[in-house]
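Please explain how the side chains of this protein contact one another, and which of them lie at its surface. An account in running paragraphs would be welcome.

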Amino acid sequence: MLQPRIRPICTQCRSLLSSVRRTYATTIEPTPRSTTATQDAVVYTPTSAPIRKATGFEMRTYKPRTPGVRHLRRPINDHLWKGKPFDKLTFAKVGHGKGGRNNSGRVVMRHRGGGHRRRIRTVDYVRAAPGKHIVERIEYDPNRSAHLALIESVKTKEKSYIIAAEGMRAGDTVESFLSGVTRELIASMGGAVDPGMLAAKTAFRGNCLPMHMVPLGTQIYNVVSTAGKGAVFCRSAGTYATVLSKEETGSETKKKVKVVLVRLQSGEVRKVDKDACATIGVSSNPNWRFRQLGKAGRSRWLNIRPTVRGLAMNASDHPHGGGRGKSKGNVHPVSIWGTPAKGGFKTRAKRNPNKYVVKERPRNQGKRKRDN
């Protein structure tokens, strides 16, 4: 095959090409407009590149030098700690639990196995330690989608891991009011507890408050359902709940909060104990759901094994397998063990509803959603 001839470029043409070479966009300071200038005397100065408004969010992309990085998309988290985790709060993840097995060795979670070596971070979900804590750094955790914050107590110098809030950075101060309001805080309010002033002094990002102290309409995460236990709701990246209302009992002069109603992101409204704690803010790394792994090998690094459809298996491997052509043999959708897959396998009796759920989340019971 004939190759095209490449003619040498003379010095004059090279200087001409260098003058029209593409330049990258740079930020330009806006020129202040003089107050004496009239509308007809406005001077327009063209810039080297148009200034684009920063809208939405940005994801880190890569040049397609290999097929694996062509579709790779990652959230930009340049503030994360580049070193190793705090070793005293970690332990190695070993055993057949990495393969989705329980304590008897049976597979209870399919499509798990392999993956990179990990260390489990011991996260404090209770936040019972009072006093101020300083955020030392924000770390990446391979075991969860949200980021972790390593905090240190000002008085005891003890360190612990908590799930970081969105916008939390190293050097911030967080505090837990689970054990009650301090005397210094009451003295700063004039010796009496004012609900509005108390919310203005305590409801900050990363602070842990009892549910009866959280103002209405506040976004919270790491929500505890029962007092004295750890957080169970809104622990994933970018999740949060909203405080709707507080049910009060007693006379008008002595009203006490009984339960707090919280709306989750699924649309479910639940009752939460008034003494249960929650963290103010939104869980960190909200752009995690827009990531793209780019290749199958990156999924294997994350301890995820391939998923095969039951329709593509043999009849001995899955209830949907076998047959001629694409057919599951007029069988209702079930799992590989035969339990109903769509619509759920009902275990709760109709006369025994969940008393903590005020409004259930919308369900379609395995049916396709129709556009109304």
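**A walk through the predicted model**

Ile304 is found in the loop that runs between helix 5 (296–301) and strand 15 (357–359). The structure is a predicted model, and this loop is a convenient place to begin. With a relative accessible area of 36%, Ile304 is partly exposed. Together with Trp301 and Leu302, Ile304 makes a nonpolar surface patch of about 270 Å². Membership of such a patch requires over 30% relative accessible area, a condition that Ile304 meets at 36%.

From the nonpolar surface the account turns to aromatic rings. A search of the whole structure finds 1 aromatic pair. Rings also take part in contacts with arginine side chains. Arg291 lies over the face of Trp288, at 3.8 Å from the ring centre. Another such contact places Arg235 over the face of Tyr125, where the distance to the ring centre is 4.3 Å.

Charged side chains also meet one another. The count of salt bridges comes to 8. One of them joins Asp78 to Arg60, with the closest N and O atoms 3.0 Å apart. Because Asp78 lies in the loop between strand 2 (74–75) and strand 3 (90–92) while Arg60 belongs to strand 1 (residues 59–60), this pair ties together parts that are 18 residues apart in sequence. Arg60 has a relative accessible area of 31%, so this residue is partly exposed.

A further salt bridge is formed by Arg137 and Glu139, whose closest N and O atoms are 2.5 Å apart. Are these two residues buried or exposed? Arg137 is buried, with a relative accessible area of 14%, and Glu139 also counts as buried, at 3% relative accessibility. The limit that matters here is 20%, since a residue is called buried when its relative accessible area falls under that value.

Ile138 lies in strand 5 (residues 131–139). This isoleucine is buried, its relative accessible area being 3%. Ile138 and Ile151 are 13 residues apart along the chain, and their C-alpha atoms are separated by 9.2 Å.

Asp141 forms a salt bridge with Arg144, and here the closest N and O atoms are 2.6 Å apart. The surroundings of the two partners can be compared through their accessibility. Asp141 is buried, with a relative accessible area of 0%, whereas Arg144 is partly exposed, with a value of 23%. The pair also belongs to a wider arrangement, in which Arg121, Asp141 and Arg144 are linked in a network of salt bridges.

The cysteines raise a separate point. How many disulfides does a search of the whole structure find? The search returns 0. Cys277, for instance, is in no disulfide, and the nearest cysteine sulfur, that of Cys208, is 3.8 Å away. A disulfide would require the two sulfur atoms to lie within 2.5 Å, so a separation of 3.8 Å does not qualify. Cys277 counts as buried, at 4% relative accessibility.

Cys234 deserves attention for its backbone. Although Cys234 is not a glycine, it has a positive phi of about 60 degrees. Its place is in the loop between strand 10 (219–221) and strand 11 (241–250), and Cys234 is buried there, with a relative accessible area of 14%.

A positive phi is found at His111 as well, with a value of about 65 degrees, although this residue is not a glycine. His111 is found in the loop between strand 3 and strand 4 (119–121). Its relative accessible area of 25% makes His111 partly exposed.

The last stop is strand 13 (residues 269–273), where Lys271 is found. Lys271 counts as partly exposed, at 29% relative accessibility. Along the chain, Lys271 and Lys359 are 88 residues apart, and the separation of their C-alpha atoms is 9.8 Å. Lys359 falls at the end of the residue range given for strand 15 (357–359), which returns the reader to the element that bounds the loop of Ile304.

How values were computed:
Residues are numbered from 1 along each chain as its sequence is written. This is a predicted model: local features need pLDDT of at least 70, side-chain atom pairs count only at pLDDT 80 or more; totals for chains, interfaces and linings use all residues. Side-chain values use heavy atoms; hydrogens and water are left out. Rings of Phe, Tyr and Trp (its six-membered ring) pair if their centres lie within 6.5 Å; planes under 30 degrees apart count as stacked, over 60 as edge-to-face and the rest as tilted. A charge sits over a ring if NZ of Lys or CZ of Arg is within 6 Å of the ring centre and within 35 degrees of the ring normal. Patches are made of residues with over 30% relative accessible area and no salt bridge: like charges are joined within 9 Å, nonpolar side chains (Val, Leu, Ile, Met, Phe, Trp, Tyr) within 5 Å. Accessible areas come from the Shrake-Rupley method with a 1.4 Å probe; for residues, only the protein chains shown count as cover. A salt bridge is a side-chain nitrogen of Lys or Arg within 4 Å of a carboxyl oxygen of Asp or Glu. Helices (H or I, at least four residues) and strands (E, at least two) are DSSP runs, numbered from the N terminus. Buried means under 20% relative accessible area, exposed over 50%, partly exposed in between (1.4 Å probe, protein chains only).
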